[in-house]
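Visitor: I am new to this one. Could you walk me through it?
Guide: Gladly. Take a look first, then ask.

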Amino acid sequence: MLIRHQDENPIVGRPEPRWLRARRLAAWQRFQKLADPDFRYGQGTGFDPKTIRLPYQAMTRGEKLPAMAGSVPAGLESGLKAFPVSELDRLWSWHAATASRIRVITAAKDEHLKSPLRLETKLLSNKSAQELTVVNAAAGSELAIIEHVSGAGERAAATFVNAGDNAKVTIISIRDLERHSTEFVRCDAKLGRNARVVWLECVLGGSFASSSITNRLLGRGAAAVARTIFCGSGSSRFELTQTAQHQADTTSSDLLARGVLDGAARSLYRGHISVARGCPGCEAHQKEDTLLLGERAESSAIPILEIETDEIECGHGCTVGRLERDQLFYLMSRGLDERTATKLLVEGFFQPIVSGMQHFGLEEMVSCLIAGQLAPATSYPCL
Amino acid sequence: MAKTSRRSKNLISELDRPDRVTAGYSAGPGLSQQVVLEISRQKNEPRWMLEKRLQALELYQHTPLPAWGPDLARLDLEHIVYYSRPDATEAQNWKDVPSDIRRTFDLLGIPEAEHHALSGAGAQYDSGVIYHRLKKEWGRQGVIFENLDVAVRKYPELVRRYFMTDCVPVSNHKFTMLHAAVWSGGTFIYVPPRVKVTRPLQAYFRMNLERGGQFEHTLIIADEGSEVEYIEGCSAPRYAASSLHAGCVELHLKAGARVKYSSVENWSKNTYNLNTKRAVVDRDASIEWLSGNLGSGVTMLYPASVLRGDRARSDSLSVAFAGPGQELDTGFKAVHAAPGTMSVSRSKSLCRGGGTTVYRGLVRVTAAARDSKAAVTCDSLLLDRRSTAKAYPRVRVDNNSSEAVHEATVGRIGEEEIFYLRSRGLSEERARKMIVGGFVEPLVKRLPLEYAVEMNKLIELEMDRKVA
């Protein structure tokens with residue numbers, strides 16, 4: 001199944017329902033009231049907010065709520081109910097009020113969608129896109145979504161997942177935007193009893209890419225997995241957040257991010273695991289690794305743990321480092337040139353995450369996209 | 001074993017009990033310019049120090065409380081007594097120290113330890129230093145070990161050059177401003193080039209006054225190629241009202257110097273311990289931090305190493321134990337600002353009875369610090385369901401030839417570990433204590449013997465304490 005969206009083809013909607021108008025209005029009021037997101041997280045971590053172009057910058061405070069631009073698919077109201085606008089910051093309030101391309105993907109009770117849904121989005125220059133995707137996976141259902149975003153432009157996209165009891169949802173997102181693009185991506189999942197949500201994300205290029213994955217484990221035995229690859233060169237900047245909130249017993253989460261930064265690329269990773277009081281038997285792990293290839297590349301990590309119960313197994317870690325010189329020397333002594341050897345090592349570095357996409361036939365595509373991000377061998381004097 | 005345990009219990013209850021000592025001078029509650037002028041006048045300080053105090057006071061009055069970290073709302077800064085000098089002058093012989101003041105130090109065995117194992121010892125009571133002595137052999141080699149109040153007058157150039165300048169600037173945060181305005185007592189150590197002080201120097205700080213504030217300043221300058229070990233211990237009696245400890249430790253390590261700084265802080269449970277400790281480390285020098293944080297209601301303490309010389313090294317090991325009602329917010333900061341620098345930080349925390357431990361750390365590798373390495377591990381052990389462990393580390397690397405690693409785990413004592421020890425005939429309580437003992441052992445075995453024994457006992461007692 002293939003759902004294709006292109007910039008030049010917006011869907012013109014029917015009359016806006018009252019509940020949606022009320023939600024958009026509440027979001028718009030928040031947008032008018034709140035301060036801009038800061039992007040700075042203390043102790044020299046984060047980005048200077050003045051250097052980040054927010055997608056609503058052309059708007060001024062005091063403007064009226066714009067008219068609804070898209071159509072209203074079935075299942076939107078029930079899907080959004082679990083995600084009130086009162087939890088959104090200024091950027092996402094603006095998004096909630098103005099999102100125009102709305103998709104709802106629904107899997108009925110015990111329905112297994114055998115082949116993955118493919119969503120293709122191509123941005124066209126100088127246009128901004130506000131996408132909203134709602135996934136309603138009813139109890140016992142199973143579905144997978146593959147999203148590929150390419151092109152150049154400004155993008156703000158939110159995905160809300162309601163995973164019912166025993167539902168299994170896999171979402172793969174591959175985003176290779178061109179150099180001058182900016183994107184803000186937000187993924188939120190609420191997991192019921194024994195539900196399982198897997199996020200596989202590949203963020204490549206762009207001048208600024210912000211991505212946040214939040215899993216709320218609300219039902220006993222729920223499990224969330226998040227895997228993020230990020231790779232950039234030039235002056236690309238990445239802000240990546242992975243969150244797991246354990247609010248029921250015997251829930252588990254596994255967060256992993258791996259990145260390679262070339263040129264003067266910069267990254268900030270924030271991992272956040274919280275286990276609420278009275279939720280025993282939880283298991284939570286988080287790991288982030290960054291390789292710095294470029295001489296002016298920089299990387300920061302803020303992995304946070306907040307644990308309020310003792311019967312748990314929990315750990316986090318982060319590393320920032322360079323390619324192993326011994327490994328590079330070994331490969332070059334076998335006749336590989338430096339560029340090929342570096343690419344091989346970077347490929348190996350990403351393998352644990354890329355192998356998760358094998359089942360969907362995406363491994364080769366992702367490897368090629370990553371290789372395309374790396375600059376020629378002359379830029380690695382450190383090696 | 002039962003006998004030693006009973007002795008330790010007595011010691012702790014004795015330390016929690018205030019001494020019946022009359023103050024020689026007390027500034028009364030609250031902070032004003034008059035209090036600062038009076039402190040400076042009583043100490044007969046040079047003009048530059050008074051100016052520094054007044055500038056700090058001005059800054060302090062215009063700076064808000066930190067918006068992050070533990071809640072400081074119950075810290076009543078209006079009613080703290082910022083300066084209280086005991087009715088005793090500084091002695092060079094324990095016999096000359098008034099017996100009611102000496103009681104605490106006798107209980108801790110400091111005079112005995114000084115005789116057998118130390119190169120010198122100092123003791124401070126509230127705002128005043130009541131004892132200070134350095135063994136003659138070190139004095140002959142040019143080592144200076146003084147009460148900082150005395151050092152300001154005796155070695156003005158050294159103190160003026162290093163006191164709250166480039167290590168901990170006055171404007172660092174609200175409590176360094178407060179400290180700079182009302183600091184009193186503390187230790188000044190200068191070790192000349194290539195002198196290796198083979199036995200440790202020690203200072204002990206006792207805060208006796210209700211609603212008291214203690215603001216001692218430790219300034220250590222280890223000149224090129226020198227070595228010194230310094231140990232600090234702290235305690236305070238238990239009152240209904242909160243007291244405040246806002247000390248400051250500045251360590252200057254010149255090229256090739258080695259300094260080992262150990263501290264065991266056991267403030268009573270109503271003390272706000274808002275301390276600042278930092279070392280600036282030059283080329284090939286090496287700093288070792290050991291710290292045990294047991295007492296206090298709220299602690300905010302993040303020792304920092306600024307590695308500014310090539311190949312400078314820093315090693316830190318700390319243990320924090322939070323019992324009922326305690327919030328220990330501790331951590332370690334390493335700033336790598338020169339090539340080939342290395343830092344290792346290990347932090348261990350335990351909490352029980354609803355206590356909270358927080359690790360808040362920073363590793364910053366600048367673009368200039370090529371080929372540097374930084375490693376941080378922090379492990380938390382939750383001893384019951386009501387307690388909380390949090391970790392907020394930050395890692396930032398700005399060059400592509402360095403490596404930084406951070407790792408943290410949170411867990412509880414495994415059932416199988418308890419089962420194994422019980423199958424060897426130990427009671428469950430004994431087994432739990434033994435596992436906790438093993439958890440903190442890396443710190444304990446590196447502390448001087450008398451501190452190691454006390455540390456073990458304090459942890460056992462904390463585990464025995466009934467939940468309030």
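Guide: One term before we start. A crossing of two helices is right-handed if the near helix is turned clockwise from the far one by less than a right angle, and left-handed if anticlockwise. Keep in mind that this is a predicted model.

Visitor: In which hand does H4(A) pass H5(A)?
Guide: H4(A) covers residues 325-333 of chain A, and H5(A) covers residues 338-354. The two helices pack against each other. Their crossing is right-handed.

Visitor: Are H4(A) and H5(A) parallel, antiparallel, perpendicular or oblique to each other?
Guide: Their axes lie 9 Å apart, at an angle of about 130°. Angles over 145 degrees count as roughly antiparallel, and 65 to 115 as roughly perpendicular. The pair is therefore oblique.

Visitor: Which residues of H5(A) make the contact with H4(A)?
Guide: H4(A) brings A:Gln327, A:Leu328, A:Leu331 and A:Met332. By class, the contact has 6 nonpolar, 2 polar and 1 charged residues. From H5(A) come A:Glu338, A:Ala341, A:Thr342, A:Leu344 and A:Leu345.

Visitor: How are H1(A) and H3(A) oriented to each other?
Guide: H1(A) spans residues 18-33 of chain A and H3(A) residues 90-98. Their axes are 8 Å apart and meet at an angle of about 150°. The cut-off is over 145 degrees, so these helices are roughly antiparallel.

Visitor: How many charged residues are in the contact of H1(A) with H3(A)?
Guide: The crossing here is left-handed. H1(A) offers residues including A:Arg23, A:Arg24 and A:Arg30, and H3(A) has A:Arg90 among its own. Beside 6 nonpolar and 1 polar, the charged residues number 4.

Visitor: How many residues of chain B are in contact with chain A?
Guide: Chain A puts 34 residues into the contact. By class, that side has 14 nonpolar, 12 polar and 8 charged residues. On chain B the number is 29.

Visitor: Which residue stands opposite A:Ser299?
Guide: E16(A) is joined by 3 bridges to strand E26 of chain B, residues 394-397. The two strands run antiparallel. Opposite A:Ser299, in E26(B), stands B:Val397.

Visitor: Which element of chain B has the lowest mean pLDDT?
Guide: Chain B as a whole has a mean pLDDT of 87, and 93% of its residues reach 70 or more. Strand E17(B), residues 304-307, has the highest mean among its elements, 98. Where pLDDT is low, the predicted coordinates should not be read in detail. The lowest mean, 59, belongs to residues 2-16 of chain B, helix H1(B).

Visitor: What ipTM does the predictor give the complex?
Guide: Two scores are given for the complex. The pTM is 0.89, and the ipTM is 0.85.

Definitions and conventions:
Residues are numbered from 1 along each chain as its sequence is written. Chains are lettered from A and ligands numbered from 1 in the order in which they are written. This is a predicted model: local features need pLDDT of at least 70, side-chain atom pairs count only at pLDDT 80 or more; totals for chains, interfaces and linings use all residues. pLDDT is the predictor's confidence in each residue, from 0 to 100. Helices (H or I, at least four residues) and strands (E, at least two) are DSSP runs, numbered from the N terminus. Axes are lines fitted to C-alpha atoms, for helices over the stretch in contact, and angles run from 0 to 180 degrees between N-to-C directions. Angles under 35 degrees count as roughly parallel, over 145 as roughly antiparallel, 65 to 115 as roughly perpendicular and the rest as oblique. Two residues are in contact if their C-beta atoms, placed from the backbone, lie within 7 Å. Ala, Val, Leu, Ile, Met, Phe, Trp, Tyr, Cys and Pro count as nonpolar, Asp, Glu, Lys and Arg as charged, and the others, Gly among them, as polar. Two strands pair if DSSP finds at least two bridges between them.
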